[in-house]
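Got your viewer open and a selection box ready? Load the model below and follow along, stop by stop.

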Amino acid sequence: MVRHIVIWKLKEELTGDRLTLVKQNARKALESLVGQIPGLLSATVQIEGLASSNGDMMLDTAFADEAALLQYQKHPLHQAAADTYVRPYTHARMCMDFVE
């Protein structure tokens, strides 16, 4: 199994209700990809970090193998979700992929 972890720092101008809505929409869009993209076994988006966090949102996904991860990254449903609900609001992104 391959894990794909992404942490985003969102744009500073996002505050209050707008920030909450952006996070909720991203969670819904990304988590809904399970069952729609072959090889994507699970997807969890954390949007309520502790005060000690320096990221605003985290995606934790599991894939059948590395080939499935590579297909996910190119998949039109993933691209649409990222282009609509994540990328426009992102200031910085970090990622780590590993075999579990």
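Here is a short tour, with something to select at each stop.

Before clicking, note that this is a predicted model, where local features need pLDDT of at least 70, side-chain atom pairs count only at pLDDT 80 or more, and totals for chains, interfaces and linings use all residues. Residues are numbered from 1 along each chain as its sequence is written, and side-chain values use heavy atoms, with hydrogens and water left out.

**Stop one: the helix pair.** Select residues 66–74, helix H2, and residues 76–85, helix H3: their axes come within 5 Å and cross at roughly 55°. That makes H2 oblique to H3. For the terms, helices (H or I, at least four residues) and strands (E, at least two) are DSSP runs numbered from the N terminus. Axes are lines fitted to C-alpha atoms, for helices over the stretch in contact, with angles from 0 to 180 degrees between N-to-C directions. Under 35 degrees counts as roughly parallel, over 145 as roughly antiparallel, 65 to 115 as roughly perpendicular, and the rest as oblique.

Now show side chains: Tyr72, Gln73 and Lys74 of H2 meet Pro76, His78 and Gln79 of H3 (contact means heavy atoms within 4.5 Å). By class, that makes two nonpolar, three polar and one charged residues. Here Ala, Val, Leu, Ile, Met, Phe, Trp, Tyr, Cys and Pro count as nonpolar, Asp, Glu, Lys and Arg as charged, and the others, Gly among them, as polar.

**Stop two: strand E4.** Pick Ala92, in strand E4 (residues 90–99). Is Ala92 buried or exposed? Neither: Ala92 is partly exposed, at 34% relative accessible area (buried is under 20%, exposed over 50%, partly exposed in between, with a 1.4 Å probe and protein chains only). Leaving aside neighbours within four places in sequence, Ala92 touches Ile7, Trp8 and Lys9. Measure across to Lys11 too: Ala92 is 81 residues away in sequence, yet 8.2 Å away C-alpha to C-alpha.

**Stop three: a loop.** Jump to Asn54, in the loop between strand E2 (40–46) and strand E3 (57–63). Asn54 is exposed, with a relative accessible area of 70%. From Asn54 to Lys11, the C-alpha atoms are 13 Å apart, with the two positions 43 residues apart in sequence numbering.
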